[in-house]
Amino acid sequence: MKVDVLLGLQWGDEGKGKVVDVLTPGYDLVTRFQGGPNAGHTLEFEGQKYVLRSIPSGIFQGDKINIIGNGVVLDPALFKAEVEALEASGHPLTKRLKISKKAHLILPTHRLLDQAYESAKGEGKIGTTGKGIGPTYTDKVSRNGVRVGDILHNFEEKYNTAIKRHKELLAQYNFEYDLATLEKDWFEGIACIRKFELIDSEHVINDAIKAEKKILAEGAQGTMLDVDFGSYPFVTSSNTICAGACTGLGVAPRNIGEVYGIFKAYCTRVGSGPFPTELFDETGDLMRKNGNEFGSVTGRPRRCGWVDLVALKYAVMINGVTQLIMMKSDVMDAFETIRACVAYKINDVITEEFPYSIEGEVEPVYAELPGWQIDMTKMQSEDEFPEEFKAYLNFLEEELEVPIKIVSVGPDRAQTILR
Ligand code: GDP
Ligand code: IMO
Ligand code: MG
């Protein structure tokens, strides 16, 4: 079978973790293909809440195999903490989780470099998650990285060479650090990684494709954070788009099947960078409060605004989205009128095409639709949808030219309506 890809169409935190968990019963393998512990994927079921960072969100559904693919960057210390938290809550992982030997390791000094680069940028900082993502991918591309598979051969030599280079880089910044403490946790993390099967994941995945197994690839971050197509330079350092699943797993483009594009009924962003529909008023505050929009990794308040169809159409195009999934519809229950940005006005020119840059004066042009002001959180089927909500769905489907197949009306696994 082909590999289905689920990915974010906005600036991350669309609700990918929740939906991967919901879809997992229909799959044999769930894989992560890029990003690292900058991700925070939240799942809620049976009164429990879990936040996953490097481990795929298929881990809770029976004996499915979960794979951390070659495109992921893995921090051993954070990975160990994640494993221990899951095992303590009754979810043993060693048989269900495998790790690609080609995934790159986030070294303790990558985290320090991330922090040093950010402080040096001052006002222009990206607002990264501080997890060492940028420096690790930089080392991968400049061919200085250390990979999970290196744990098995000449590890110390490779580690020490990289650390020496990083210390020289850090010396250029006025930056104090305590490497010994970080290293202690890090090497305990390496011991934890050794308990898992380290695999040539591209072979495992392609064998599974041949054996007609069903595979789901779980994206991290979102299209507007993609290093090529996002709001550069305020992006992450990987390809978060569908093509990232090909390089991050070793899957040929012709073996990609469904592309699930996931978006919130409004829009959020954490960290710096442009956000044309951002709201600075009580409407934005209400979205943040009702949507509980605080980062699952950093706890930072998320910036909130209306849904941006110019950006969403672009994301649908870049990813070849075949099915849309709309999250957090319930957060819109509170509003008398719903707005959706259908064009940008830039220097008095109106455009529906996502431009080279959205920095500077980009004025959103809004369509207005009547709100429904009915509590949707207990609804179980689309027959219960209020007329205004149906009209909102139709409007979005016409604009985006892709069907909305899943509607989420609350954080719990059960609050999911398939259409
Ligand atoms: P991800 O990074 O894409 O997996 O998303 P996050 O987990 O970072 O953020 C999504 C947040 O919204 C989490 O706190 C989820 O529990 C929550 N959530 C997901 N779907 C819904 C929904 O339909 N309604 C509400 N109110 N919350 C939701
Ligand atoms: P999930 O998978 C939201 C943002 C950071 C920052 C920028 C670069 O949970 O949707 P990085 O640490 O990657 O170098 O930070 O990207 N960012 C995210 N925002 N959700 C995420 O992941 C994010 N991962 C990174 O806030 O603006
Ligand atoms: Mg998240």
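Let us start in a loop: Q221 lies in the stretch between β10 and α8. This is a predicted model, and the loop is a good place to begin reading it. At Q221 the backbone angle phi is near 55 degrees, which is a positive value in a residue other than glycine. Further along, P233 has its place in the loop that runs between β10 (215-218) and α8 (242-249). The peptide bond that joins Y232 and P233 is cis, with omega at about 5 degrees.

From the loop we can move on to the ligand. Which residues come closest to ligand 2? They are D13, K16, H41, T129 and T236, out of 21 residues that surround ligand 2. Sorted by class, this shell holds eight nonpolar, ten polar and three charged residues.

Some side chains can be followed atom by atom. T236 places a polar side-chain atom 2.6 Å from an oxygen atom of ligand 2. For N38, a polar side-chain atom lies 2.9 Å from an oxygen atom of ligand 2. R300 has a polar side-chain atom too, and that atom lies 3.0 Å from an oxygen atom of the ligand. How much of ligand 2 is covered? Taken alone, ligand 2 exposes 560 Å², and the protein buries 98% of that area.

Now look at the space around the ligand. The room that ligand 2 takes up is the largest pocket of the model. This pocket has a volume of about 1,000 Å³. Its lining is made of 50 residues, and those closest to the centre are N38, I133, V235, T236 and S237. Two of these names have appeared before: N38 and T236 each bring a polar side-chain atom to an oxygen atom of ligand 2.

Which helix gives the largest share of the lining of the largest pocket? That is α4, with seven residues. At least two lining residues are supplied by each of α3 (108-121), α4 (133-141) and α8. The helix α8 is also the one that follows the loop where we found Q221 and P233. By class, the lining of the largest pocket has 17 nonpolar, 24 polar and nine charged residues.

There is a second pocket to visit. The second largest pocket has a volume of about 560 Å³. It is lined by 27 residues, and T42, G291, R302, K328 and P411 lie nearest its centre. Elements that give two or more residues to this lining are the helix α1 (16-23) and the strands β3 (41-45) and β4 (48-52). How do the lining residues of the second largest pocket divide by class? Five are nonpolar, twelve are polar and ten are charged.

Last comes a space of another kind, a cavity, from which a 1.4 Å probe cannot get out. How many cavities of 30 Å³ or more does the count give? The count comes to one, and the volume of the largest cavity is about 30 Å³. Its lining is formed by L9, Q10, W11, M224, C267, D308, A311 and L312. Divided by class, the lining of the largest cavity has six nonpolar residues, one polar residue and one charged residue.

To retrace the route on the model, begin at Q221 in the loop between β10 and α8, move to ligand 2 in the largest pocket, and finish at the cavity lined by residues including W11 and M224.

Key. Residues numbered from 1 in each chain as written. Chains lettered and ligands numbered in written order. Predicted model: local features only at pLDDT ≥ 70, side-chain atom pairs only at ≥ 80, totals over all residues. Heavy atoms only, no water. Near = heavy atom within 4 Å. Polar contact = N/O pair within 3.5 Å; in protein donor to acceptor, adjacent residues only side chain to side chain. Areas by Shrake-Rupley, 256 points an atom, 1.4 Å probe, with all protein chains shown as cover. 1 Å grid on protein atoms, 1.4 Å probe; cavity = no way out; pocket = protein on both sides within 12 Å on 5 of 7 lines; lining within 4 Å. Sits in = over half its atoms within 2 Å of the grid points. Nonpolar A, V, L, I, M, F, W, Y, C, P; charged D, E, K, R; others polar. Points joined across faces, edges and corners; volume = space filled by probe spheres on them. Helix = DSSP H or I, 4+ residues; strand = E, 2+ residues; numbered from the N terminus.
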